[in-house]
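Got your viewer open? Let's walk through this one stop by stop, picking out a few residues at a time.

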Amino acid sequence: MSAQPEPASEPPSGRVARAAERREAIIVAAMEEFVGRGYAATRLDDVARRAGVAKGTIYLHFKDKEALFEELIRTAIVPLVNRIVPPANPGGSVRDMIELFARAFIQEVATTQRADIIRLIVAEGPRFPAIADFYYREVVSRGLAKLRALIELGIARGELRQPELAHFPQIVVAPAIVAVIWKSLFENHSPLDALEMFRVHLDLIFGERRTT
């Protein structure tokens, strides 16, 4: 009786693709768990169950819950911030660039699950300073640096008359954070037109637009 041929082993490319799919499933499940339960209450067992993998599979990709949360920020927030924060030397006016940022932030952050991540960090960051520190390094500091450069350009062009504003770029984007918090707490009581609020805010900073 002749021996049966052994089944062909899976090519490396297939294993890599399956590993990438599992990693993506873990990150998606982590988003749901962190948003639904909060950072402290989220367990890797629940993430694994939601992702449809063994708990040990998570440890093949992430060393612990903190590393998983950091990867969630890297994939869900960092690329978006890099894309929507205006360049330091735009072709149009500085105000136009900030308005484009505001529109993108409200559409892609304030009204999506990404806002839940921000709210989670605001709520639990004091108890877990490591995740707040990571978010500051990866998101906040980069965004503020780009905005500061944009404000300095606006001052140099004469679009902005308050040079001190370069020291406090947080002022420019403060309505974005207000929108995130307001929509989670008070939207049912008093719906907020975040874009209109941002327009009024920029009128205070740049002066009202002149209509011809």
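## Starting with a ring

Select Phe186: with a relative accessible area of 38%, this residue is partly exposed. Keep in mind that you're looking at a predicted model.

Now add Trp182 to the selection. Trp182 is partly exposed too, at a relative accessible area of 28%. How do the rings of Trp182 and Phe186 sit relative to each other? Their centres are 5.0 Å apart and their planes stand at 65 degrees; since an angle over 60 counts as edge-to-face, that's what this pair is.

## Along helix α9

Next, select residues 170-185, which make up helix α9. This helix has 16 residues and covers 22 Å from its first C-alpha to its last, close to the 22 Å expected at 1.5 Å a residue.

Which residues of α9 are buried? Colour Val172, Val173, Pro175, Ala176, Ala179 and Val180, and you have them. To see what these buried residues pack against, show α6 (94-110), α7 (113-124), α8 (129-157) and α10 (194-206).

## Where α6 meets α7

Hide the rest for a moment and keep α6 and α7. These two helices pack at an angle of about 85 degrees, and their axes are 6 Å apart. An angle from 65 to 115 degrees counts as roughly perpendicular, so that is how α6 and α7 are arranged.

Turn on side chains to see who makes the contact. From α6 come Phe105, Glu108, Val109 and Ala110, while α7 brings Arg114, Ala115 and Ile118. Sorted by type, the residues of this contact are 5 nonpolar, no polar and 2 charged.

## More rings

Time to light up the aromatic residues. The model has 6 aromatic pairs in total. One to zoom in on is Tyr39 with Phe128: the ring centres lie 4.8 Å apart and the planes are at 65 degrees, so this pair is edge-to-face.

Where do the two partners sit in the chain? Tyr39 is in the loop between α1 (12-37) and α2 (44-51), and Phe128 is in the loop between α7 and α8, so the pair ties together parts that are 89 residues apart in sequence. Switch on a surface and check each partner: Tyr39 counts as buried at 6% relative accessibility, whereas Phe128 is partly exposed, with a relative accessible area of 24%.

Now add Phe34 and Phe69 to the view. Together with Tyr39 and Phe128, they form one aromatic cluster.

## Three buried stops to finish

Go to Asp46, in helix α2. Is Asp46 buried or exposed? Its relative accessible area is 7%, so Asp46 is buried. Setting aside neighbours within four places in sequence, Asp46 is in contact with Glu33 and Arg37.

Then jump to helix α4 (residues 65-76) and pick Ala67. This residue is buried as well, with a relative accessible area of 16%. Try a distance label from Ala67 to Glu21: their C-alpha atoms are separated by 18 Å, and the two residues are 46 apart along the chain.

Stay in α4 for the last selection, Glu71. At 14% relative accessibility, Glu71 counts as buried. What does Glu71 touch, not counting residues up to four places away in sequence? Show Arg23, Ile27 and Phe62, and there are its contacts.

Conventions. Residues numbered from 1 in each chain as written. Predicted model: local features only at pLDDT ≥ 70, side-chain atom pairs only at ≥ 80, totals over all residues. Heavy atoms only, no water. Helix = DSSP H or I, 4+ residues; strand = E, 2+ residues; numbered from the N terminus. Expected span 1.5 Å × (residues − 1). Buried < 20%, exposed > 50% of the residue type's maximum accessible area, 1.4 Å probe, protein only. Contact = heavy atoms within 4.5 Å. Axes fitted to C-alpha atoms, helices over the stretch in contact; angles between N-to-C directions. Parallel < 35°, antiparallel > 145°, perpendicular 65-115°, else oblique. Nonpolar A, V, L, I, M, F, W, Y, C, P; charged D, E, K, R; others polar. Phe/Tyr/Trp six-rings, centres within 6.5 Å; stacked < 30°, edge-to-face > 60°.
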